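Trainee: I have a model open and would like to learn how to read it. Could you walk me through its features one at a time?

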Number of protein chains: 2
Amino acid sequence: MKQVILNSYPQGEPQVSDFAVVEVAMPVVAEGEVLLETLWLSLDPLIRFALDPVTITGRAHVEPGEVIYGGAVARVVESRNSDFTVGDVVEGRTGWTEYAAVDPARVPLRKIDATRAPISTAVGVMGMPGQTAHACMIGIGRVKAGETVVISAAGGMVGSTAAQIGKILGARVVGIAGGADKCAALLELGLDACVNYKADDFAQQLAAACPEGIDVYVDNVGGAVTLTVLPLLKYGARMPVCGYIAYYGVGMEGPGPDHLPGFMRTIMSKGLEVRGFHGQMVGGQQALEDIAGWIRSGQLQHPEAVVDGIENAPQAFVGIFGNNPYIGKLLVRVAD
Amino acid sequence: MKQVILNSYPQGEPQVSDFAVVEVAMPVVAEGEVLLETLWLSLDPLIRFALDPVTITGRAHVEPGEVIYGGAVARVVESRNSDFTVGDVVEGRTGWTEYAAVDPARVPLRKIDATRAPISTAVGVMGMPGQTAHACMIGIGRVKAGETVVISAAGGMVGSTAAQIGKILGARVVGIAGGADKCAALLELGLDACVNYKADDFAQQLAAACPEGIDVYVDNVGGAVTLTVLPLLKYGARMPVCGYIAYYGVGMEGPGPDHLPGFMRTIMSKGLEVRGFHGQMVGGQQALEDIAGWIRSGQLQHPEAVVDGIENAPQAFVGIFGNNPYIGKLLVRVAD
């Protein structure tokens, strides 16, 4: 069977050469464990976190030579645990491997009802990313009808879901994405405007798209994009922090100048509310019920881009930080 | 009469030479205006904001040659406005001048009941700084009994008031201040611990004073002190941002490295709630009633340091950013 392991810690943006695809023997299933056959891998920017030599407390960490950490949907093919039966479909952070022997007491597994929604959505709109998008807009962002919401990395899974929830709530939703094609796809999802951050006049375009200022900024990127957004925030704006692609791999300190003084000054002068949060804890089961309802009523799309074969996971993952043309959820189909 | 004007924009920390004391003619009182005799000047770090060539939208701004902006308590000595009578005592941002002709429609004036509390407290514990401290701990900080609260610039007016409110709420309160004398004075106010940020082992001392981590960090300074506090914050910690002495005069960008990546990473990983706010709006009238009650019951001290003579205001103000030995409110007595 095949696995993808860490070859070397990425320097800044990950490269395909940071990964290696290896053939290994099938794992042996111990008492209490289940043998899982991976069906779908979830390619999330968050995985980048685990690939640093130094990580923040409580985060997963991968050493060179170890299997890449990440969410997956898998089928139980052998069970030595009375809570699981052969044929069960589960979701869990079981990593980039074709088969895994997992102790559910160490790696939590959530059983998926395959009759309710396509099983791949368990790591997307009907899972943690969907709950995160819901929390951004409702639990943390408290978006109200008529407000202006700006979402960075709007083409991503969380961003594109949050944007559509914003429209359902009656807000004006402005996306920020990299490239005209992504923006065109987002406008088709119903966004009011989408601005390409790679454009020379990005700041002017963004200001023009937000004539009344910004009430809520859902930040998935940080960096230069966020520094461009800050001057447009209204007094009392909310800023849910869902990610910061621009800083993955930077560690705690980036090259100067120091932008923290300006950020603190803006927080104080504009009475900002900046919030980190745990999407599953904030969104909870209610988020999944809301999202299932919006999908049924046709109000929420959940585009998926699918790459076939575990050996192609590194290339697809690297694209998240580069010029990935997809919007929505990026998945690797490992088996049917 | 005497005024203090801006001689030149301070570079970083203000110097006495950035100010000039000048003799000018008494102002002429126009219809609708009142003539105010300044009694007390309030020396707040916030004034530093107004002394930059570039200011954030909506903030006061002083050009070289203009009177220094700042809060004061004053007596009406002539009135051409039917809402004010000679002898009224008022509080407002009327600046560093012995006399001022003021249009209350342009510069809001709040009448002070001199029988209720010493009039100097109108720019201190019974005014905006008191409301800010109340908001830090209650409206924004939501401090609960048994939690650990850390307060930077704990010797300042806002810090020392917030610290005592923390004790009233039943929290463990740890102050951060510059110098053993300030720390000793703060321990006398009832704080559980006080750490001198100038000590070589500041980080170790702070960690030792917060064995269970930090639930609420009231930040009045930013900079290196705040970067030392961040690793000790617990998941879900609240961080009311009340000021950032370390960054006054820095503008939007300081010298590298860039600490914004680490701050964003901490916000996200620790689920932080970072809030700027307007103390008067959040604390409101309830804050003043609570504070008056705590003063009457002896639970809240409000130490004042008094400097005599408007000509000594620059030296006293400069001391706020240097080695000022005072704790509590710093006032200039201009007249009786």
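**Reading the backbone, the sheet and the core**

Mentor: Let's start in chain B, where A153(B) sits in the loop that links strand 8 to helix 2 (157-168). Helices (H or I, at least four residues) and strands (E, at least two) are DSSP runs, numbered from the N terminus. This is a predicted model, in which local features need pLDDT of at least 70 and side-chain atom pairs count only at pLDDT 80 or more, while totals for chains, interfaces and linings use all residues. Residues are numbered from 1 along each chain as its sequence is written, chains are lettered from A and ligands numbered from 1 in the order in which they are written, and side-chain values use heavy atoms, with hydrogens and water left out.

Trainee: What is the sign of phi at A153(B)?

Mentor: Most residues other than glycine have a negative phi, and most peptide bonds are trans. A153(B) has a positive phi of about 50°, although it is not a glycine. R142(B) is another non-glycine residue with a positive phi, of about 45°. You will find R142(B) in the loop between helix 1 (128-140) and strand 8 of chain B. With 39% relative accessibility, R142(B) counts as partly exposed. Here buried means under 20% relative accessible area, exposed over 50%, and partly exposed in between (1.4 Å probe, protein chains only).

Trainee: And which peptide bond from G256(A) should I look at, cis or trans?

Mentor: Look at the bond from G256(A) to P257(A), which is cis with omega near 5°. P257(A) belongs to the loop between strand 12 (233-240) and helix 6 (260-269) of chain A. In chain B, the bond from G256(B) to P257(B) is cis, with omega near 5°.

Trainee: How do I read the pairing of strands? Which way do strand 8 and strand 9 of chain A run, parallel or antiparallel?

Mentor: Two strands pair if DSSP finds at least two bridges between them. Strand 8 (residues 148-151) and strand 9 of chain A pair in the parallel sense, over 4 bridges. One place to see this is T148(A), whose bridge partner in strand 9 of chain A is R172(A). Between these two strands the chain passes through helix 2 (residues 157-168) of chain A, a right-handed β-α-β crossover. Right-handed has a precise sense: with the strands pointing away from the viewer, the path from the first strand over the helix to the second runs clockwise.

Trainee: What lies on the other pairing of strand 9 of chain A?

Mentor: Strand 10 (residues 193-196) of chain A, which runs parallel to strand 9 of chain A and is joined to it by 4 bridges. There, G175(A) has C194(A) as its bridge partner. Strand 9, helix 3 (residues 180-188) and strand 10 of chain A make a right-handed β-α-β unit. Strand 9 (residues 172-177) of chain A is also mostly covered, with 5 of its 6 residues buried.

Trainee: How many residues are in the largest nonpolar core?

Mentor: In soluble globular proteins, nonpolar side chains tend to be buried together. A nonpolar core is a set of buried Ala, Val, Leu, Ile, Met, Phe, Trp, Tyr and Cys residues joined through side-chain atoms within 4.5 Å. The largest one here has 111 residues, and L206(A) is among those with the most contacts inside it. Setting aside residues up to four places away in sequence, L206(A) touches residues including V150(A), V174(A) and V195(A); contact means heavy atoms within 4.5 Å.

Trainee: Which residues of helix 4 of chain B are buried?

Mentor: In helix 4 (residues 202-209) of chain B they are F202(B), L206(B) and A209(B). They span an arc of only 65° around the axis, so they lie on the same side of helix 4 of chain B; the arc is that of the directions from the helix axis to the C-beta atoms. The face turned away from that buried side carries the exposed residues Q204(B) and A208(B). The buried residues pack against strand 8 (148-151), strand 9 (172-177), strand 10 (193-196) and helix 5 (223-229) of chain B.

Trainee: Finally, what turn lays chain A on chain B?

Mentor: A turn of 180° with a shift of 0.0 Å along the axis does it, with an RMSD of 0.0 Å. The two copies are therefore related as by a two-fold rotation axis. Copies are superposed by least squares on the C-alpha atoms of residues with pLDDT of at least 70 in both. Because 100% of the interface residues of chain A are also interface residues in chain B, the copies meet through the same surface.
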